[in-house]
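Good morning, colleagues. Please turn to the structure on the screen, and I shall then take you through some of its elements in turn.

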Amino acid sequence: MPPRKRDMGSSGSSEEFTSRKKRKVSIHLSEPMVIGEDTEANLTGADPEVLADPDPPGKGRPKLGTMRERFSGTPKPSSPRERLSKIPKPIAKPKPAAKPKSVAKPKSALMPMPAPMPEPVPMPKPPKPVPKAKPIPKARPVPKPKPVPMPKSVPKPWPTNPVPIPAATKGNPDDLLQISKPNGKKRVQLVDPQKVTVWGKLKVVQAEPPKPAKAPRKSPEGLGALGLSIKQWRDLEASQETLPRFLFRGFGPTSGGGIDPRLNTTTGIIPHGFLGGKKPTNIYEIRGLIKMIDGHLYGQTVTTDFSSWAACITVAMRYSRNSHVAVIDRKLLAPHVKIYHVPNLNRAGLCLHSIPYEYLAYGPIDGPAFHCVAYSDIIGAGFSSLSGRSYRNRNFDDGVYRDVDKRVVAAKRLASLFRPANNQCPDMIIALTAAFASLIYAGYGRGEILDKELLRELVTHLRNELKVVKLPPADSKQLALVNQKMYVRRYPQLKQLVLLVASMEENIRSNKSYHE
């Protein structure tokens, strides 16, 4: 059944319309709650009639007409909805706020704020374990002091007044005073020519004259005639410190021209110039020295004061003429014998040519420094197997030549031939064994590197000699087993010799392994 239309302009009072509209509006304001007259009265505490129309007609406001009249543009009076909006709504309870962790409460006049809690004190770290104390060593017993003997008689105090100087010392300040004290000690002091204050008895002692200082070596008188300067002379004399310790000389019946058999013997060498009994002095007093040296080097028949030597036995073997080879030990030479290397003579202007392998010895040579060995004995001891292919040698034992142990044994056997029977010094055995064992390097140019295998075999076979050998200090100018300053250029066998012996000398000085 369709709803019945309501006539807004039908009869009915204004109050009834207003009441119906108010209920309708209340329904739209809040759902599903329907606000009626009783509800509004309860919320506001006012009379429902007053809420419906607080200003009834007849009390200053004309009665409202129909809906058309109300929306015709006349000012709209306050409606129940507007009046309801002015009613205060119930205040909702606020949600409890989260308590802060630490909030300072406001100060109160009645109750003072409590003091803030102190911050927590961090716990101290546990102490480190104390190391155990080392045991205290027992104190050594203190020796009792020796009782000081009391003097039998107390000496009188020594005078402090000046003691008069004896007349013998006046004016001679070089004289000495010897002062005797009661304890027996003596003191020597120079005499003051004015006064001396002493505590004991005086005794005048004649002063010893001071030792004269060594005067510098005077240059020979013949330097001017030779055209030598002082510097050249000093350099030539200083060059003797670079000479080898052991030198070899090969000779035969025709050596030196074969003029006199006294020139070359198994007991010594006498140059031509000393056959008549001339005493040696020095080479700078020789007249025609340059001519003499050049004639000697070129094999001319001259009255020479020199004899030729070499640092390597292979050179001496070529000049031996199948006769003899001699050796000299420079450490045992007579003082008058002077040896010069030919390149140094050439550098000083005393000869025209330089022959590196030749050394000239001035003066006669004999005595314990000289020893001679026959050529046949040298060959029989295995020289050919030691030298091998050097110097066009073809007759050699290849087994000995290539075996290091056999080569060292043969070298030591050959070295023992050159040591005199009355000389038990091991120096020559050590040096010549190393020299003969190094002949394998002759002519090959490989001697700059130390042969450790050869050194090991030398130490094995020379252990007894290395235990008893005595060497000078390393910084001494005395001759050692081998002169490390010797001329070795163009001679690899000599280079290897120096390396081998220098290594053995170093071990001997350090007592490393030979004196066990």
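I begin at the start of helix α16, where a side-chain oxygen of D451 comes to within 3.3 Å of the backbone nitrogen of E453. I should say at once that this is a predicted model, and that the values I quote are computed from it.

Helix α16 itself covers residues 452-461, and its buried members are L454, L455, E457, L458 and V459. What do the buried residues of α16 pack against? Their partners are four helices: α14, α15 (427-437), α17 (463-468) and α18 (492-509).

Let me take one of those partners, α14. The N-terminal end of α14 is capped by D403, with a side-chain oxygen 3.0 Å from the backbone nitrogen of D405. Helix α14 has 15 residues, 404-418, and at 1.5 Å a residue the expected span is 21 Å; the end C-alpha atoms lie 22 Å apart, which agrees with that expectation. Buried in α14 are V404, R407, V408, A410, A411, L414, A415 and F418. Viewed down the helix axis, these buried residues fall within an arc of 165°, and therefore they line one face of α14.

I turn now to a sheet. Three strands form an open sheet in the order β6-β9-β8, and the pairing is antiparallel. Strands β6 (306-309) and β8 (338-341) are at the edges with a single partner strand each, so one side of each has no neighbour in the sheet. On average, neighbouring strands here are turned by 30° against each other, direction ignored. In general terms, the strands of a sheet pair through backbone hydrogen bonds, in either a parallel or an antiparallel manner. Between β8 and β9 (residues 359-362), the antiparallel pairing runs over 4 bridges. Which residue of β9 is the bridge partner of H341? The partner is Y359. Across β6 and β9 lies helix α8, residues 289-297, which runs at about 40° to β6.

Next, the loops. Two arginines deserve a look for their backbone angles. R321, in the loop between α9 (313-318) and β7 (324-329), has a positive phi of about 55° although it is not a glycine. R490, in the loop between α17 and α18, likewise is not a glycine, and its phi is positive at about 70°. Are these residues buried or exposed? R321 has a relative accessible area of 47%, and as the cut-off for exposed is over 50%, R321 counts as partly exposed. R490, at 66% relative accessibility, counts as exposed.

A third loop residue is K331, placed between β7 and β8. Its relative accessibility is 39%, so K331 counts as partly exposed. Leaving aside residues up to four places away in sequence, K331 touches R245, D427 and L479. K331 and L479 are 148 residues apart in sequence, yet their C-alpha atoms are 6.6 Å apart in space.

That pair leads me to the protein as a whole. Among contacts between residues at least 6 apart in sequence, 67% join residues at least 24 apart. The secondary structure comes to 18 helices and 11 strands, and 37% of the 516 residues count as buried.

Thank you for your attention.

How values were computed:
Residues are numbered from 1 along each chain as its sequence is written. This is a predicted model: local features need pLDDT of at least 70, side-chain atom pairs count only at pLDDT 80 or more; totals for chains, interfaces and linings use all residues. Side-chain values use heavy atoms; hydrogens and water are left out. The expected span of a helix is 1.5 Å times one less than its number of residues. Buried means under 20% relative accessible area, exposed over 50%, partly exposed in between (1.4 Å probe, protein chains only). The arc is that of the directions from the helix axis to the C-beta atoms. A polar contact is a pair of N or O atoms within 3.5 Å; within protein, one must be able to donate a hydrogen and the other to accept it, and residues adjacent in sequence count only if both atoms are side-chain atoms. Two strands pair if DSSP finds at least two bridges between them. Axes are lines fitted to C-alpha atoms, for helices over the stretch in contact, and angles run from 0 to 180 degrees between N-to-C directions. Contact means heavy atoms within 4.5 Å.
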